[in-house]
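Got the viewer open? Here is a short tour, one selection at a time.

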Amino acid sequence: ATTKAGGMSGGAMVAVAAAKSRVRAGCNLSRVLLALGEAQGALHAASAACGADPDSAKAVYLRARAREELGELEAAATDARKVVRLVPNSVDARELLARCKLALAERRSADRSLLIMALGIVRGASVGVVNSERTSAVIQSVRGLLGALQTLG
């Protein structure tokens, strides 16, 4: 709401101040909880701060950090990208994004390696079992998973 002179009304100013206070409090709580190793609580506090101001770079960065700690790497990377858009010169956000990308690549590589090993085990186990429908179905499932992983990266 605005006044006739174009300024904010008293109620609007109070609402803006309250939102800023919620962001500040959520960010402060999130920082403390991260320092204490309480990533889930930090995520909750940072998410509340983001709810009060979705474009608060500090709140989004802290939510990304909490998500990284919780292993939610895709979501952490998404938040880090948003911080980089909001604050292009943020070294912390760029480092966080790089860590998330590296961890995601390592995770995909490890998943791919496990599936390749599983395929080798299934193929080895099926050597003496001719025309086994079950073995054939397992091999097809593993091949399908390998195909899906190849499309990822």
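Start with a surface on the whole protein chain: about 9,600 Å² is exposed, and 59% of that comes from carbon and sulfur atoms. Keep in mind that you are looking at a predicted model. Of the chain's 153 residues, 33% count as buried.

Now switch to cartoon. You'll find six helices and zero strands, so to speak a plain α-α-α-α-α-α when read along the sequence. If you draw the contacts with a separation of 6 or more, 49% of them join residues 24 or more positions apart.

Next, select the largest nonpolar core, which has 27 residues. Which members touch the most others? Those are Cys27, Val83, Leu96 and Cys100. Colour the core by helix and you'll see at least two residues from each of H1 (10-35), H2 (39-52), H3 (57-69), H4 and H5 (91-125). H3 is the top contributor, giving seven residues. As background, nonpolar side chains in soluble globular proteins tend to be buried together.

Stay in the core and pick out the two cysteines from that list. Cys100 has a relative accessible area of 0%, so it is buried. Cys27 comes out at 4% relative accessibility, and because the cut-off for buried is under 20%, Cys27 counts as buried too. Tempted to look for a bridge? A search of the whole structure turns up zero disulfides. For Cys27, the nearest cysteine sulfur belongs to Cys50 and sits 7.3 Å away.

Now click on Leu96 and show what surrounds it. What does Leu96 contact, once neighbours within four places in sequence are set aside? The list is Tyr61, Ala64, Arg65, Glu68 and Ala80.

Ala80 is a handy stepping stone, since it belongs to the buried set of H4. Select residues 73-86 to get that helix: 14 residues, spanning 20 Å from the first C-alpha to the last, close to the 20 Å expected at 1.5 Å a residue. Show side chains for the buried ones, namely Leu73, Ala76, Ala77, Asp79, Ala80, Val83 and Val84. Then rotate until you look down the axis of H4: the buried residues fall within an arc of 165 degrees, so they line one face of the helix.

Last stop: leave Val83 highlighted. Val83 is on the buried list of H4, and it is also one of the core members that touch the most others.

Technical notes: Residues are numbered from 1 along each chain as its sequence is written. This is a predicted model: local features need pLDDT of at least 70, side-chain atom pairs count only at pLDDT 80 or more; totals for chains, interfaces and linings use all residues. Side-chain values use heavy atoms; hydrogens and water are left out. Helices (H or I, at least four residues) and strands (E, at least two) are DSSP runs, numbered from the N terminus. The expected span of a helix is 1.5 Å times one less than its number of residues. Buried means under 20% relative accessible area, exposed over 50%, partly exposed in between (1.4 Å probe, protein chains only). The arc is that of the directions from the helix axis to the C-beta atoms. A nonpolar core is a set of buried Ala, Val, Leu, Ile, Met, Phe, Trp, Tyr and Cys residues joined through side-chain atoms within 4.5 Å. Contact means heavy atoms within 4.5 Å. Accessible areas come from the Shrake-Rupley method with a 1.4 Å probe; for residues, only the protein chains shown count as cover. A disulfide is a pair of cysteine sulfur atoms within 2.5 Å.
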